[in-house]
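Visitor: Could you take me through one part of this structure up close? I'd like to hear about the aromatic rings and about any enclosed space.

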Amino acid sequence: MKWVVLVYGGLVVVFGLVICLALEWGQLSLHPSPSAATLSSITRAALDPSAEPSWFWSALRENMEAPLGRLLLQFIVILLATRSIGAIFRKFGQPAVIGEMTAGILLGPSLFGWLWPGAFGFVFAGESLPVLRLFSQIGVCLFMFVVGMELELSRIKQNAYTVFVVSHVSIIFPYFLGVMIALWLYPNYASSDVSFVPFGLFMGIALSITAFPVLARILEERHMTKSFLGITAIGCAAVNDATAWAILAFVVAVARASGLASTAACLALLVLFVAIMVWVLRPQLPGWLGTDRTNDGEPGRATLTAVLIFMTASALATEAMGIHALFGAFLAGVVMPRRNGFREYVLLRLGNFSSLFLLPLFFAFSGLRTRVGLLNDVTSWLVCFAIIGLATAGKLGGTAMSARLTGMRWKDAFALGVLMNTRGLVELIALNIGYDLGILPPKIFAVMVLMSLVTTFLTGPLLNLTERITFRAGPVIHARRLGNP
């Protein structure tokens with residue numbers, strides 16, 4: 001052992017001396033050719049022993065301003081902010097996604113850009129935002145694929161009559177209110193190059209959406225998934241989600257089309273694509289992916305790769321049709337096989353990656369678009385409060401009234417309305433589509449983002465209030481309906 005140490009030490013000394021002698025000889029005897037390319041000023045300063053130490057900070061800043069360096073810095077800032085604020089919201093009984101959505105707004109010009117403009121301009125420089133947007137769109141497509149996989153329309157069989165009535169009334173009534181308020185907003189807030197039809201249609205869908213994933217998480221956290229109310233809420237949200245995305249696809253087709261013939265062609269292609277996915281490809285997928293041969297074993301990497309390729313191809317198809325890539329991703333999730341634990345395997349891999357790593361980028365990008373400072377007068381805030389009130393009245397009120405008409409108790413019906421009023425992340429996705437299409441101007445976009453946050457934030461407190469009232473006033477069986485032990 002001693003000989004090994006001595007030989008190793010001797011080799012290090014010999015090679016070190018040779019390297020030093022080579023460097024010294026090269027410094028004294030060798031000179032670059034005049035035709036050689038000149039070095040940058042930062043590199044020359046780094047090699048010049050007499051240069052001041054400022055070259056190091058200049059090089060560091062230059063590297064940070066490179067596209068990759070800035071993107072990595074954005075990742076760190078966004079992930080730290082969303083996870084921290086999400087954890088704070090969880091401590092106060094709110095879903096973490098509400099905190100993450102709030103963090104996205106706080107990272108934008110509404111707070112970060114206002115408090116520290118220099119740092120905001122360095123981290124979120126304008127030329128870096130297209131790259132951030134692309135990553136956020138990939139995260140949204142993965143998220144919508146996961147939402148499609150979690151969407152089980154078979155749950156509606158347990159209470160089909162109530163589910164269909166409540167889910168469709170909870171779309172029609174707020175949609176009506178959205179179109180009505182669009183008549184008031186359009187002359188003063190809409191862009192001059194947007195016609196009223198797409199604006200009115202989009203305002204209707206923006207007030208009609210229920211965030212199925214957020215609602216499912218709330219029910220799971222409150223141990224309500226197997227209760228009467230939880231089963232009914234999941235069924236209503238599933239039908240609501242599927243219907244709302246179908247309507248939104250129609251609205252996007254109308255907004256992107258240049259005329260009636262173009263709209264009809266786009267919708268015909270979409271219907272044909274859905275029919276092929278549901279009735280042709282869906283029965284074949286288990287055999288292609290090998291899920292019918294998997295018994296309790298996990299599918300391999302090749303299967304997961306095939307799933308990602310299928311999802312991406314479906315997203316590309318709807319993007320090429322002029323709808324949106326996320327519709328194809330959502331439909332790919334809907335037609336995925338659900339047997340032999342395949343769905344759980346895919347959700348564990350892709351769901352965690354998209355929700356923990358990519359979706360925060362979408363929150364931040366949405367926050368960069370949200371400029372609360374545009375609401376700088378009393379009228380703007382009155383419009384904001386009016387939209388929040390109409391959205392709540394349409395969704396909560398329409399759900400509660402229709403649920404009551406199907407025979408549910410008032411308190412159960414009200415609790416169902418509270419749950420269906422949850423909008424959250426799905427609303428943000430729809431709003432960003434409207435913003436990208438130019439339908440929603442910046443001020444209305446900011447108002448609708450605040451509406452999404454407020455209505456989702458109210459879900460927890462209103463449910464707590466409903467549970468306490470039901471527990472005190474009603475028998476034990478009704479308390480259990482709301483998830484209490």
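Guide: Here is a walk through the ring pairs, followed by the cavity. Keep in mind that this is a predicted model.

Let's begin with the rings. There are 13 aromatic pairs in the structure. One of them joins Tyr-186 and Phe-199, with ring centres 5.6 Å apart and planes at 55°. That angle is not under 30 degrees, as stacked would need, and not over 60, as edge-to-face would need, so the pair is tilted. It also ties together distant parts of the chain: Tyr-186 belongs to helix α9, residues 160–189, while Phe-199 belongs to helix α10, residues 196–206. The two partners are 13 residues apart.

How do these two rings fare for exposure? Tyr-186 has a relative accessible area of 23%, so it is partly exposed, given that buried means under 20%. Phe-199, at 0%, counts as buried.

Next come Phe-362 and Phe-363, another tilted pair, with 6.4 Å from centre to centre and 55° between the planes. The cut-off for a pair is centres within 6.5 Å, so Phe-362 and Phe-363 qualify at 6.4 Å. Phe-362 is buried, with 2% relative accessibility, and Phe-363 is buried too, at 1%.

Elsewhere, ring pairs join up into a cluster made of Phe-75, Phe-135, Phe-353 and Phe-357. A ring can have a charged neighbour as well: Arg-70 sits over the face of Phe-122, 5.4 Å from the ring centre.

Now for the enclosed space. Rolling a probe the size of a water molecule over the atoms shows where empty space is left. Searching the whole structure turns up 1 cavity of 30 Å³ or more, and the largest cavity holds about 40 Å³ of space.

Phe-362, which you've already met as a buried ring, is back again here, as one of the residues lining the largest cavity. The others in that lining are Gln-137, Val-140, His-324, Leu-326, Ile-429, Asn-432, Ile-433 and Asp-436. By class, the lining has 5 nonpolar, 3 polar and 1 charged residues. The charged one is Asp-436.

Which helices supply at least two residues each to that lining? They are α8, spanning 129–150, and α19, spanning 424–436. Helix α19 gives the most, with 4 residues.

Terms used:
Residues numbered from 1 in each chain as written. Predicted model: local features only at pLDDT ≥ 70, side-chain atom pairs only at ≥ 80, totals over all residues. Heavy atoms only, no water. Phe/Tyr/Trp six-rings, centres within 6.5 Å; stacked < 30°, edge-to-face > 60°. Buried < 20%, exposed > 50% of the residue type's maximum accessible area, 1.4 Å probe, protein only. Lys NZ or Arg CZ within 6 Å of the ring centre and 35° of its normal. 1 Å grid on protein atoms, 1.4 Å probe; cavity = no way out; pocket = protein on both sides within 12 Å on 5 of 7 lines; lining within 4 Å. Points joined across faces, edges and corners; volume = space filled by probe spheres on them.
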